Amino acid sequence: MRSKVIGAVSLAVAAVGLFAATAPAFAQQKTITVWWGKGFYRSEDDALIETIKKFEAKTGIKVELSQYAIQDMIPKTVAALDAGTVPDVAYSDSYDVQAQGKWAYEGKLEDLTDVMEPIKGRFVQNTLDASILYNDVTKKKAYYGFPLKQQSMHVEIWNDMLEKAGFKLADIPTDWAGYWTFWCDKVQPGIRKATGQRIYGVGQPMGVESTDAFQSFYTFMDAYHVKLVDDDGKLLVDDPKVRENLISALKDYTDTYIKGCTPPSSTTWKDPDNNVAFHNKTIVMTHNFTISIAAKWFEDSQNQALTQEQRDAGKKAYEQDIVTASFPKAPDGSTIRYRSDVKTGLVFTAAKNKAEAKQFISFLLQEENVRPYIEGALGRWFPVTKESQASPFWQADKHRKAVYAQFTGGTAAFDFTKNWKFTILNNENVWAKAMNRVVSEKVPVDKAVDELIARIKQVAG
């Protein structure tokens, strides 16, 4: 009995000694929490997870990754800010459009100048500009976010449907008025006669819950050179020329619906719905703020879980049938300068492990880590670094080449990067509300524009 007690005590002492010897090692290991929007493709998420593994192995810092659907990221983040339990690093495709500028203004974001300044030479200037925001607490601008990827507007066309309607790509007019008339008055009747089906020439996003709606409408505004704010964020909407051109842009956008050239359901579309309509071949063309439509078919062609027949269909659609194109010339004959939406990640001032969070961001933004993540999205996102933009990936096929050509032709920033209150207007989607006032409530276009301008002044003035 006595020997058993002594043995037990000895084991206990040994265990305490072992714990004491190893405790400092455990105590030194830091853990950071990372919240990240779930990717659209598995290869995108796999590249992120691989980078995290490399970061953990190199630094000894453990990363606790949580991924959420895009629509859940802002509500979860707002709740975390209210509770004071924010993640150390956070990224969402929706932060820049809906919240980042506001959070920067309110002093809720950590200044990342010490991360970005040493590496800024690697980045394209427009992506840096989108991350430099004003903080009303410090009364200065700084890097209140890190640029990760960007997107812009593209046109997607079913070439096989166009041919079935009796036309070729070379028949598509390049002038503004002729372009939209072509899809409405020629392609739509042609495809309906050829198929006997109620197919629409255009898929025009107009839903209030759709970011596609306001991003597409911005392209129409840009066609008419509508400038809502100056470089300092001051409103320009009292200029009669701005009003006049807004009326022209809204009339052109809504005329497609009024003429019956886009599905009636367009007014209630959410972001996936024009994609779905295109994939189902109920529309011949649509405009979308990425090439995710074409990329879906590429992914099908590579998906070993699908049948050979399905993979072959994906390959044919991607390589032959779908065309990624640009908008026509502006009404005055000039080339439209597309808006670039630069997606950014954040560190909050309330984060508990800011030093380690900055280590993680620096590691992620290294070329060998950020490039596989961007290219893992199959062309959906365009890079923010000069070296990644020069990657052979962007010359590999016609869709990626089209994206490359648009971005390297020069882009413009959205208004919310100059006046953060436009994030509120985007959240409300005042642009789609104006569209629906015209097409659903039969309000004259000029009255809908006057209401739009009044709301812009009320929110962002």
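Me: Buried means under 20% relative accessible area, exposed over 50%, and partly exposed in between. This model is predicted. Is D450 buried, partly exposed or exposed?

Reply: D450 has a relative accessible area of 34%. Buried would need a value under 20%, and exposed a value over 50%. D450 therefore counts as partly exposed.

Me: Which residue forms a salt bridge with D450?

Reply: The cut-off for a salt bridge is 4 Å, from a side-chain nitrogen of Lys or Arg to a carboxyl oxygen of Asp or Glu. The closest N and O atoms of this pair are 2.6 Å apart. The partner of D450 is R243.

Me: How many residues apart in sequence are the parts that R243 and D450 tie together?

Reply: The two side chains form a salt bridge, R243 with D450. R243 lies in helix α11 (residues 240-258), and D450 lies in helix α21 (residues 445-460). The pair therefore ties together parts that are separated in sequence by 207 residues.

Me: What is the relative accessibility of R243?

Reply: The partly exposed class lies between buried, under 20%, and exposed, over 50%. R243 falls in that class because its relative accessibility is 31%.

Me: Y257 is also placed in helix α11. How far apart are the C-alpha atoms of Y257 and T33?

Reply: Along the chain, Y257 and T33 are 224 residues apart. In space, their C-alpha atoms are separated by 46 Å.

Me: Which residues does Y257 touch, leaving out those up to four places away in sequence?

Reply: Contact here means heavy atoms within 4.5 Å. By that rule, Y257 touches M206, T262, P263, P264, T267 and V439.

Me: In which helix do both E367 and R371 lie?

Reply: The side chains of E367 and R371 meet in a salt bridge, 3.4 Å from N to O. The two residues are 4 apart, about one turn of the helix. That helix, residues 367-375, is α16.

Me: Is E367 buried or exposed?

Reply: The cut-off for buried is under 20% relative accessible area. Its partner R371, at 21%, counts as partly exposed. E367 has 10% relative accessibility, so E367 counts as buried.

Me: Which residues do salt bridges that share partners join into one network?

Reply: A search of the whole structure finds 35 salt bridges. One is the E367 and R371 pair, both residues in helix α16. Shared partners make one network of E110, D114, K354 and K358.

Me: How far apart are the C-alpha centres of domain 1 and domain 2?

Reply: Domain 1 covers 31-150 + 343-407, and domain 2 covers 154-337 + 429-460. Between them, 13 residues of domain 1 are in contact with 18 residues of domain 2. Their C-alpha centres lie apart by 28 Å.

Me: How much area do domain 1 and domain 2 bury between them?

Reply: The size of an interface is often given as the accessible area lost when the parts come together. Here 57% of that area is on carbon and sulfur atoms. Domain 1 and domain 2 bury about 1,400 Å².

Me: Which helix gives the largest share of the side of domain 1 that touches domain 2?

Reply: The count of salt bridges between the domains is 0. The interface has 9 residue pairs in polar contact. On the domain 1 side, residues divide into 5 nonpolar, 3 polar and 5 charged. The largest share there, 6 residues, comes from helix α18.

Terms used: Residues are numbered from 1 along each chain as its sequence is written. This is a predicted model: local features need pLDDT of at least 70, side-chain atom pairs count only at pLDDT 80 or more; totals for chains, interfaces and linings use all residues. Side-chain values use heavy atoms; hydrogens and water are left out. Domain bounds come from an automatic or database domain assignment. Buried area is the accessible area (1.4 Å probe) that two parts lose on being put together, summed over both. A polar contact is a pair of N or O atoms within 3.5 Å; within protein, one must be able to donate a hydrogen and the other to accept it, and residues adjacent in sequence count only if both atoms are side-chain atoms. Ala, Val, Leu, Ile, Met, Phe, Trp, Tyr, Cys and Pro count as nonpolar, Asp, Glu, Lys and Arg as charged, and the others, Gly among them, as polar. Buried means under 20% relative accessible area, exposed over 50%, partly exposed in between (1.4 Å probe, protein chains only).
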